[in-house]
Amino acid sequence: MTVEEKVAQLTGFWEKEDGETVAPLQGEFSDTARLEDFSRHGLGHLTRTYGTRPVDPMVRAAWLWKFQSELVANTRLGIPAIVHEECLTGRSAWRAATFPTPLAWGAAFDPDLVAEMASAIGTSMRALGIHQGLAPVLDVIRDPRWGRVEECIAEDPYLVGTIGTAYIQGLQSQGVHATLKHFVGYSASRAGRNFAPVHAGPREVADVLLPPFEMALLDGGARSVMHSYAEIDGVPVAADPTMLTGVLRDRWGFDGVVVADYFGVAFLNLLHHVAGDHTEAAILALTAGVDIELPTGDAYLMLPEAVRSGKVDEALLDRAVLRVLRQKRDLGLLDATSVDEPTGEIDLDPPGHRAIARRLAERSIVLVANQGALPLAPGRSVAVIGPNTDLPSALFGCYSFVNHVLPQYPDVEPGIEVPTVLDAVRAEFGADLVSWTPGCGVDDDDRSGFAQAVATAAAAEVAVLVVGDRAGLFGRGTVGEGCDTDDLELPGVQRDLVEAVLATGTPVILVLLTGRPYAIGWALERCAAVVQAFFPGEEGAAAIARVLSGRVNPSGRLPVSLPRSAGAQPYSYLHPALGEGNEVTNLSVTSPAPFGHGLSYTTFAYAELTVPATVPTDGALLATVRVTNTGTVAGDEVVQLYGHDLVASVTRPVAQLLGYRRVRLEPGQTVTVELTVPTTRLAFSDRSLTRVVEPGDVEIWVGTSAQRLAQGRTTLVGQTVPVTNSARRWTTSKVR
């Protein structure tokens, strides 16, 4: 291969129209090259063929087949390009099914269902000639003020790792490579600001931020990793060989590809200023271990001259090219003599996909508070009020096609059927019993609709207030990429709207359609019920209505603590003892509703938690507990096992999720749940930053992180044990 042919395999090309803005600082990069000229030596990646404008999928598939065939026929090496797309909440394309956001996956506590969803996404991607998906996001939530919280799964690294790995296995089962985002530290930015510096210590990085990636690679077999935009303690990850080579390659043995987050290589020059120009940026990234520059070759196109001038060793180029070629071999592209021409129509939103979307939405909805108001009895008059009642886009996250792309095409329909909450409530309770008014906008200060909202609520027997977020990009939403906040009150005048309706005396059911948790502690006692839905997707409105009526018994659990206030952030349930505050400060940080919290329309009792008195430090702890549905309706319970290391060489969290299992119980039914916890679930980085399991006493309990429903204690005995790649990382479970 010539140097130009090698570099061609390490770059992408983004064929986009003027005015498209779906990536940070995209307007700063102007592509003047034609695709035919750019790819004359071959091409590594074709960027987002379907995902940046509303194109007919079959027309675009035919174009893609023609382009790939020309690459095979008209370039010297005859190697097709890898086609990558976003797929965080479904195949990012016009008319494609749109599933709940990752925060909803976390709320569902259901890895098997997430794997089923990802497999469905992979099926439609592969049918359109797409080889690689830019998902899942494995960033552990550290601060709800960050706009990209809705793209994340949870604040607990184990929940992130198990759910994220399930997604990877589902997607890759269909021959589409998953890409882990964003390695690493992106979510720990100062004050929750996008692109802000990360000052996480090495222990926080090792024990909180890295474990989901470790699980996804060692257990999930993910084939691609995307570097983070972040700098950690002054070193940009895109230029950090200790992370991209030392951790990924040397420690974990990863043999896949590392791709740049969009424009991330050029940002070493433009934003981080650790490179004087794009050539220096390319050399830094290539040396650190970034194999492929996406979305285009803004910096890597400088590498041929850098090789010829001796600024960079061609062996580094060869290292990256070999990784790319191995990936193309695994995808069947190296042997391609042609690419299969698409035939017939492809339904990107088939009934099977909608059924999965419905089940995941239903299992993700969290009943946060209930003063006996839910489920709503039939025959009552219902006032549906709020800015998110009749907006299809309110059901979707930032990386849905509806919110990511279509705002630039206001005259284009969503292309999929999206009933709103108003539609669903009318269908569920009867249109003649439902009145409606928006009351206000999502984030404006217009109170002119308050009077009508008050009158509508006063005339009804119950008011359903649907409030929350509008997902968008770079300041065009209240949440989403580049839409951070310094205030965790509901956006705009929505709280004032709720207060005005509460003053009528009509019972208020508060429904939150959001991409982050808000400081709603005030509502938990004053509202008749509070329902949290984290952008539940195309079937989300129907799921909400079924929860309100009781046809669905809510079983979601909070994947992130509800914040007390913006000033109490960053906060995580994984805090050490001094993180609770208590008498040592006048400011309370305790969450109004903790990680793992969620109510049901039935009740569950726990009994006979058993744990062994001692467990070897290199062994596993078997915890068993009897769970009984003591109510009158069937329901799902999420059995959560927690632990607390009482004395350790470094401070440890007051609570840590060790394992979980979703079980369905009929009224009066009792089951025994067995959870086998490898001691590595209690591992941490000691004072030498070696991950170890130490001997000592451990509290064990079942319940939410705050509410201990059944308790026990065990002692880890033996020598301090270092944790290796071969150590077990997963808690297994059985129900009998």
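**Pockets, a cavity and packed helices in a predicted model**

The second largest pocket has 23 lining residues, and those nearest its centre are Pro202, Val205, Ala206, Leu210 and Arg251. A pocket here is an open set of points on a 1 Å grid over the protein atoms alone, with protein on both sides within 12 Å along at least five of seven lines, and a lining residue has an atom within 4 Å of a point. This is a predicted model, in which local features need pLDDT of at least 70 and side-chain atom pairs count only at pLDDT 80 or more, while totals for chains, interfaces and linings use all residues. Residues are numbered from 1 along each chain as its sequence is written, and side-chain values use heavy atoms, with hydrogens and water left out.

The volume of this second largest pocket comes to about 490 Å³, a volume being the space filled by probe spheres set on grid points that are joined across faces, edges and corners. At least two lining residues come from each of α7 and α9 (241-251); helices (H or I, at least four residues) and strands (E, at least two) are DSSP runs, numbered from the N terminus. By class, 12 of the lining residues are nonpolar, 6 are polar and 5 are charged. For this sorting, Ala, Val, Leu, Ile, Met, Phe, Trp, Tyr, Cys and Pro count as nonpolar, Asp, Glu, Lys and Arg as charged, and the others, Gly among them, as polar.

Now for the largest pocket, which holds about 960 Å³ of space. Its lining runs to 44 residues, with Arg142, Glu204, Asp207, Val208 and Leu574 nearest the centre. Two or more lining residues come from each of α6 (157-172), α7 (202-209), α8 (211-218) and β20 (656-665). Of these, α7 gives the most, with 4 residues. The lining splits into 20 nonpolar, 14 charged and 10 polar residues. Helix α7 thus turns up in the lining of the largest pocket and in that of the second largest.

There are also closed spaces. The count is 4 cavities of 30 Å³ or more, a cavity being a set of grid points where a 1.4 Å probe fits but cannot get out. The second largest cavity has about 50 Å³ of space. Around this cavity sit Ile141, Arg142, Asp143, Pro144 and Glu155, together with Val560, Ser561, Pro563, Gln569 and Tyr571. Its lining has 5 nonpolar, 3 charged and 2 polar residues. Arg142 lines this cavity and is also one of the residues nearest the centre of the largest pocket.

Helix α6 has a packing partner too. Helix α5 (residues 111-127) packs with α6 at an angle of about 35°, and the two axes lie 7 Å apart; axes are lines fitted to C-alpha atoms over the stretch in contact, and angles run from 0 to 180 degrees between N-to-C directions. The crossing of α5 and α6 is right-handed, that is, the near helix is turned clockwise from the far one by less than a right angle. On the α5 side the contact (heavy atoms within 4.5 Å) involves Pro111, Val114, Ala115, Met117, Ala118, Ser119, Ile121, Gly122 and Met125, and on the α6 side Thr162, Ile163, Ala166, Tyr167, Gly170 and Leu171. These contact residues comprise 11 nonpolar and 4 polar, with no charged ones.

Helix α20 (residues 540-549) is largely enclosed by the rest of the structure, because 10 of its 10 residues are buried; buried means under 20% relative accessible area with a 1.4 Å probe, protein chains only. Arg546 is among these buried residues, as are Gly540 and Ser549. They pack against two helices and three strands: α14 (351-364), α16 (421-429), β13 (462-468), β14 (508-513) and β15 (529-533). Right after α20 comes Gly550, with a positive phi near 95°.

Three single residues round off the picture. Glu5, in helix α1 (residues 3-9), counts as buried because its relative accessibility is 5%. Beyond its neighbours within four places in sequence, Glu5 touches His41, Arg76 and Leu77. Leu64 belongs to helix α3 (residues 57-74) and, at 4% relative accessibility, is buried. With neighbours within four places set aside, the contacts of Leu64 are Leu46, Thr49, Tyr50, Val83, Leu128 and Gly129. Leu64 and Tyr50 are 14 residues apart along the chain, with 9.7 Å between their C-alpha atoms. Thr75 sits in the loop between α3 and β3 (82-85) and is buried at 11% relative accessibility. Setting aside neighbours within four places in sequence, Thr75 contacts Ser39, Arg40, Gly42 and Glu70.

Note on methods: Buried < 20%, exposed > 50% of the residue type's maximum accessible area, 1.4 Å probe, protein only.
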